[in-house]
Amino acid sequence: MRGAIKAEMSELNSQIPAHATGVVVVDLDRIAANWRALAALVRPAECAAVVKADAYGLGATQVIPALVRAGCRTLFVATLDEAVAARKLAPAATIYMLDGIIKGAAGAVREAGVIPVVSTLSEIAEWAELSTSRKDRLPTALHVDTGLNRLGLAAKDIQSLVMNGHGLDRLDVQLVMSHLACADDPGSPKNEQQREVFERLAPLLPTTARSIAASDGLMLGRDYHYDLVRPGYALYGGQAFQGGATPVEPVVEVHARILQVRDVAPGQTVGYSATWTPDEPRRVAIIAAGYADGLFRHLSRQSGGDGGRVAVGGVIATIIGRVSMDLITIDVTGIEPEPRPGDLVEVIGPNLPIEAVGSDARTIGYEVLTSLGRRFHRIYRGAES
Ligand SMILES: *Cc1c(COP(=O)(O)O)cnc(C)c1O
C-alpha cells in the first residue's frame, strides 16, 4: 500500500515541472460520471450543472466542455462575466445567471445570450422594457423566495405581479425556481415548509418549468425534483448531505512540495508568533503551500491545540505552528521512509477529503474548493484533455 502510494507520487512528480510548488489534479471523467449518476437519479427531471465561481475553483474552461460532452444541456453561473465565458464554451447550452440583472446591465445580459434569474420587480421592469424596445419576448427565470431570505421575489411581490403585471407578460418565463436553506439536513422541517410555500406561490406565475433542488435538495426525494435540479458541489465530489451518501466520487486531489526538512529541539519554537514548542526533539518538514494557496490560516495549530493535517506517503501528519502565506510546517517525526525535499505531500485526496479539510479549517468543503491555489500547477485527467 505505502509502496503503491510512493510510486503514484513519483509518477505525479514526473508529470509536473520541477519548479512547481504544488499540483491540483482534476478528474474530468469523474465530473462527467458524477453528472451522469445524478441525472440518472432524478430522471425524468432534467439535471443541470452549476458552474459558477470557475466551476467551484476547478476550472470552467475544462469543466464546462466535459459536462456538455456528458450530455448536460443547462448551466447555471452567478455573474455576467461567468455567463459570457460559459457561452463561449457551451454555444448550444441554456445558461442561467443567478445574480440576475444588476441595475443598468440588461443590455449586456441580452448580448451575452443568457437567461437572467430575476428576483425583484425592478429587474422585471428593466428586462420587460428591453423586451419592448427590441420587439422581443426575452427569456427569463423567476426566483421565488420561500424562506431563505436571500435572493427571490417575496410573496407580496408576487401578489403585486398578479395584480399589476409589471411587464411580466412581455417576458418569456422559462423557469420558476427557489432555493432551500437546510437541504443538507433531511430532518429539518424547513425543507417541507419551503416546498409548501413554493407549491403555493409558483402556480401564481407563468410557469413552464420549476426547480427547487441543488446538490442536497435532490437527495430529499422525488417531491423535490420538479422539472430541473441544479447541483454544483456534488458534481465536484462534495458530500455535504447528512442523510446518506450521494452517488458521487471525489474529483480533485492537491499535493504540495516539501522544500526543506529540519530538526527542532525541545524549547525551540516553530513559525510566526512562536505558537508551537515541542517537548521532545521533532523532525519538521516545510511545505511550499500557504494561505495564498487555499490552505486556510485556521489550519494553524498551537502546542496542544487543534489544527490541520496533510498526508505524507499515506500517513497523516499534523500541521504545526502558524500557516503563513506561502508555507506550512508539518511534523514528520518517525515517518518512514524519511520524507525528502522535492517530495509531494497530500493536502486534499483519499486521506483528506474536502469535507475533512473544511472541518479542520472550521469551514466547509465548498470554501476549500473555491479557494484552491491558483499558483499550483494543474493537471486535468480524462475527457480529451
Ligand atoms: C450555488 C447554487 C446552487 C448549487 O448549490 P450546490 O449546493 O453547490 O449544489 C443551486 N442553486 C442556487 C440558487 C445556488 O446559488
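Colleague: What distance separates the centres of domain 1 and domain 2, taken over C-alpha atoms?

Modeller: This is a predicted model, in which local features need pLDDT of at least 70 and side-chain atom pairs count only at pLDDT 80 or more, while totals for chains, interfaces and linings use all residues. Residues are numbered from 1 along each chain as its sequence is written, and side-chain values use heavy atoms, with hydrogens and water left out. The protein chain is divided into domain 1 (2-25 + 251-381) and domain 2 (28-236), with bounds that come from an automatic or database domain assignment. Taken over C-alpha atoms, the separation of the two domain centres is 37 Å.

Colleague: Which three residues supply 52% of the area that domain 1 buries against domain 2?

Modeller: Buried area is the accessible area (1.4 Å probe) that two parts lose on being put together, summed over both. Between domain 1 and domain 2 it is about 1200 Å², of which carbon and sulfur atoms give 62%. Of the part that domain 1 buries, 52% is supplied, more than by any other three residues, by Val 251, Tyr 366 and Tyr 380.

Colleague: How many residue pairs are in polar contact between domain 1 and domain 2?

Modeller: Contact means heavy atoms within 4.5 Å, and 13 residues of domain 1 are in contact with 15 residues of domain 2. Salt bridges (a side-chain nitrogen of Lys or Arg within 4 Å of a carboxyl oxygen of Asp or Glu) number zero between the two domains. A polar contact is a pair of N or O atoms within 3.5 Å; within protein, one must be able to donate a hydrogen and the other to accept it, and residues adjacent in sequence count only if both atoms are side-chain atoms. With both residues at pLDDT 80 or more, the number of such residue pairs between the domains is six.

Colleague: Which helix gives the most to the side of domain 1 that touches domain 2?

Modeller: Helices (H or I, at least four residues) and strands (E, at least two) are DSSP runs, numbered from the N terminus. Helix H10 (354-360), helix H11 (365-370) and strand E17 (377-381) each supply at least two residues of this side of domain 1. The most, four residues, comes from H11.

Colleague: Which strands stand at the edges of the open sheet of seven strands?

Modeller: Two strands pair if DSSP finds at least two bridges between them. The seven strands follow the order E3-E4-E5-E6-E7-E8-E9, and their pairing is parallel. Two of them have a single partner strand each, so one side of each is left without a neighbour in the sheet: these are E3 (49-50) and E9 (210-211).

Colleague: At about what angle does helix H7 run to strand E7?

Modeller: Axes are lines fitted to C-alpha atoms, for helices over the stretch in contact, and angles run from 0 to 180 degrees between N-to-C directions. Helix H7 (residues 121-133) lies across strand E6 (115-118), strand E7 (138-143) and E8. Its angle to E7 is about 170 degrees.

Colleague: Which residue takes a positive phi in the hairpin of E13 and E14?

Modeller: Strand E13 (residues 309-312) and strand E14 (residues 315-320) pair in the antiparallel sense over four bridges, and the bridge partner of Arg 309 is Thr 318 in E14. The hairpin has two residues between the strands, and the positive phi, near 55 degrees, belongs to Gly 313.
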